[in-house]
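Here is a colleague's note on the structure shown below, set out in numbered points. Please read each point with the structure open.

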There are 2 protein chains.
Amino acid sequence: MALEHAILVSLLEQPGSGYELARRFDRSIGRFWTATHQQIYKVLRRMETDGWISVEEVAQDGRPDKKVYSAAAPGRTALAAWLREPVEAETVRHELAVRIRAAAFDDPAALIPEVERHREGHAALLAHYLYGEGRDFPAPDTLDARQRLQHVVLRGGIEYERMTLAWLDDVLATLRELAAAPPAGTEADAD
Amino acid sequence: MALEHAILVSLLEQPGSGYELARRFDRSIGRFWTATHQQIYKVLRRMETDGWISVEEVAQDGRPDKKVYSAAAPGRTALAAWLREPVEAETVRHELAVRIRAAAFDDPAALIPEVERHREGHAALLAHYLYGEGRDFPAPDTLDARQRLQHVVLRGGIEYERMTLAWLDDVLATLRELAAAPPAGTEADAD
DNA sequence: TCCTGCTATGCAACGAGTTGCATACGCAAT
DNA sequence: ATTGCGTATGCAACTCGTTGCATAGCAGGA
């Protein structure tokens with residue numbers, strides 16, 4: 001229900017085509033709200049019907065034509081109204097947490113490689129964030145409102161990754177201890 | 001696609017009816033994987049058809065009958081196989097981050113009450129987690145494998161809430177500064 | 001007495017989101 | 001020549017998940 005709003009924010013920050021939006025959703029905005037190109041095209045059509053955005057067909061040479069969308073006044077109004085609505089309860093989907101609890105009913109050691117892979121991904125993302133922070137916000141005191149808000153969101157991403165890395169180390173230590181320890185009383189007698 | 005596995009873990013930890021599972025998903029497991037009772041009933045029927053779980057009708061006095069489900073051997077096998085699969089990329093839905101970036105195109109101050117409400121929710125959840133930790137894991141050195149894994153997941157929740165609280169304070173400070181500062185160059189000339 | 005709320009399960013309709021496929025052009029490599 | 005890749009948009013079919021409603025008995029309060 002909020003993909004519309006994420007698209008609107010992205011178009012306000014910079015107009016673009018469905019294809020370009022899809023790439024943004026693979027990078028910046030997509031860190032906080034994922035979407036496939038299919039979903040984006042669908043929602044763009046609906047938003048255009050509703051008058052939230054306007055389209056301009058742009059011919060390109062050497063490339064297919066594209067439809068460049070921009071946020072329209074009704075879209076801005078809708079966004080302002082949305083900002084004043086209560087935040088919906090987030091639907092949590094923390095697969096790794098489920099897997100860790102599941103490991104109690106199987107071999108905990110089997111999970112270690114997956115957690116390590118997961119950890120590498122988060123370490124890479126943290127490095128990527130820190131690089132982006134240095135590049136886009138070198139002088140935090142001279143930023144305008146938009147940049148300061150983008151920066152505080154990025155700081156959230158950075159802190160999330162740091163916390164996750166520390167936690168994954170905790171998880172790995174726990175799994176390794178359980179793998180090393182004698183499996184005294186497997187689940188057979190645990191009930 | 002992983003609701004099956006979350007239910008399976010919950011049933012392995014403790015057999016129960018659809019109704020009981022729905023309540024667990026409002027409390028413990030639901031912190032990491034949310035589900036409504038409708039979704040749970042649907043998936044339970046499919047899991048039973050697939051032989052992952054077994055049912056027992058239990059008559060109660062003063063209450064409607066209930067169907068108590070337990071994990072069956074094929075379910076355990078499926079869970080073990082799932083544990084060895086690569087972790088799917090999580091679909092991120094971080095609505096507040098979108099809203100914060102959206103605030104650049106409206107009045108940042110309008111977001112403050114919502115962020116404060118959000119912050120209170122996280123503070124309450126952290127307190128709840130800490131209380132639960134003290135109650136369920138008073139002696140961390142004497143725990144069996146299942147409890148240690150539950151504990152490490154809970155520690156993840158605790159660290160997540162701590163990090164989120166600190167970040168929300170950062171967000172609030174930023175929003176308040178923007179609200180206090182002269183809105184030099186509103187969005188009108190920002191494009 | 002009636003109303004509300006809890007336990008317990010479920011149908012029907014809808015909306016959100018994914019997966020697979022199709023089209024079409026140009027460019028670069030084999 | 002043909003294969004593969006990047007740009008660009010879209011349909012069709014499906015699954016996942018939500019919302020609203022229905023049923024039904026019992027308990028407790030106004």
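The points below take up the basis of the model, the interface between the chains, the salt bridges and the helix packing.

1. This is a predicted model, in which local features need pLDDT of at least 70 and side-chain atom pairs count only at pLDDT 80 or more, whereas totals for chains, interfaces and linings use all residues. Residues are numbered from 1 along each chain as its sequence is written, chains are lettered from A and ligands numbered from 1 in the order in which they are written, and side-chain values use heavy atoms, with hydrogens and water left out.

2. Between the two chains, 65 residues of chain A are in contact with 65 residues of chain B, contact meaning heavy atoms within 4.5 Å. Chain A and chain B bury about 7000 Å² between them, and 63% of that area is on carbon and sulfur atoms; buried area is the accessible area (1.4 Å probe) that two parts lose on being put together, summed over both. On the chain A side, Leu83(A), Arg101(A) and Phe105(A) lose the most area to chain B, together 12% of what that side buries.

3. The structure holds 24 salt bridges over all chains, a salt bridge being a side-chain nitrogen of Lys or Arg within 4 Å of a carboxyl oxygen of Asp or Glu. The count between chain A and chain B is 8. Asp170(A) forms a salt bridge with Arg155(B), with the closest N and O atoms 2.8 Å apart.

4. Within chain A, the side chains of Glu114(A) and Arg117(A) also meet in a salt bridge (3.0 Å, N to O). Both residues lie in helix H6 (residues 112-136) of chain A, 3 residues apart, which is about one turn of the helix; helices here are DSSP runs (H or I, at least four residues), numbered from the N terminus.

5. Across the interface, helix H5 (residues 95-102) of chain A packs with H7(B) at an angle of about 160°, their axes being 8 Å apart. Axes are lines fitted to C-alpha atoms, for helices over the stretch in contact, and angles run from 0 to 180 degrees between N-to-C directions. H5(A) is therefore roughly antiparallel to H7(B), the term used for angles over 145 degrees, while under 35 is roughly parallel, 65 to 115 roughly perpendicular and the rest oblique. Ala97(A), Ile100(A) and Arg101(A) of H5(A) make this contact with Leu149(B), Gln150(B), Val152(B) and Val153(B) of H7(B).

6. In chain B, helix H6 (residues 112-136) and helix H7 (residues 145-180) pack at an angle of about 155°, with axes 9 Å apart, and H6(B) is therefore roughly antiparallel to H7(B).

7. In chain A, helix H1 (residues 3-13) and helix H4 (residues 73-84) pack at about 125°, with their axes 10 Å apart, and are therefore oblique to each other. His5(A), Leu8(A), Val9(A) and Leu12(A) in H1(A) meet Gly75(A), Arg76(A), Leu79(A) and Trp82(A) in H4(A).

Conventions. Helices (H or I, at least four residues) and strands (E, at least two) are DSSP runs, numbered from the N terminus.
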